[in-house]
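Trainee: Please show me the model. I would like to work through some of its rings and strands.
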Amino acid sequence: MCIRDRYCGHNEGTFLIDGSQTKKISSLTGGWYTEPLPGSNGKKFLQGHYTGLAVFQLENGQLAFSHRVNGYSFPVKKWVMMNDYLWVTGPNLGITRLLLNKDADKVTQQKIYDNSYGLPDSKNPDLYMFNHTLMVWNGENHYAYDSTRDLFAVSYTHLYNLVIGRQLF
């Protein structure tokens, strides 16, 4: 069983699911997206919630709340790590790039990506990685991040690979 299958982020906190029993392990409201923190060898998990980010640590085979990440208190519905940067999205916020310190307890840099960086105004975009490229889906188009230019652009190649490429292979 995957460690993530045993936990539930909820409006009232994050819970351990054990058969028909639940145990609250965090009171931070609105746990949305929880994944292993890159570089932690699966021992730390980063969770986006209604008021920012939190880190959980694996202790004796179970997740335990470790700490909040200071310096970013907006909702985080989804996050993606790429080249040491944490990219986050939340309702009504668009896309923000964060840099965490080495202990993952503080945001040391943040940059908002909006239409001046090639993204349309979007209140609830989705983030994902595709072929080592950061992608944004706004409900109409897929946008690929070009790190050399620090811009997003509509990606017809990625869309083609997502839709047509799957049918060919």
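Trainee: Is Phe-56 buried or exposed?
Mentor: This is a predicted model, where local features need pLDDT of at least 70, side-chain atom pairs count only at pLDDT 80 or more, and totals for chains, interfaces and linings use all residues. Residues are numbered from 1 along each chain as its sequence is written, and side-chain values use heavy atoms, leaving out hydrogens and water. Buried means under 20% relative accessible area, exposed over 50%, partly exposed in between (1.4 Å probe, protein chains only). Phe-56 has 1% relative accessibility, so the label is buried.

Trainee: What kind of pair do the rings of Phe-56 and Phe-65 form?
Mentor: Rings of Phe, Tyr and Trp (its six-membered ring) pair if their centres lie within 6.5 Å; planes under 30 degrees apart count as stacked, over 60 as edge-to-face and the rest as tilted. Here the centres are 5.7 Å apart and the planes stand at 80°, so the pair of Phe-56 and Phe-65 is edge-to-face.

Trainee: How many residues apart in sequence are the parts that Tyr-113 and Tyr-145 tie together?
Mentor: Strands are DSSP runs (E, at least two residues), numbered from the N terminus. Tyr-113 lies in strand β11 and Tyr-145 in β14 (residues 142-146), so the parts tied together are separated by 32 residues.

Trainee: Which residue in β10 is the bridge partner of Leu-86?
Mentor: Two strands pair if DSSP finds at least two bridges between them. Strands β9 (residues 85-90) and β10 (residues 94-100) have six, in the antiparallel sense. Opposite Leu-86, the bridge partner is Leu-98.

How values were computed: Helix = DSSP H or I, 4+ residues; strand = E, 2+ residues; numbered from the N terminus.
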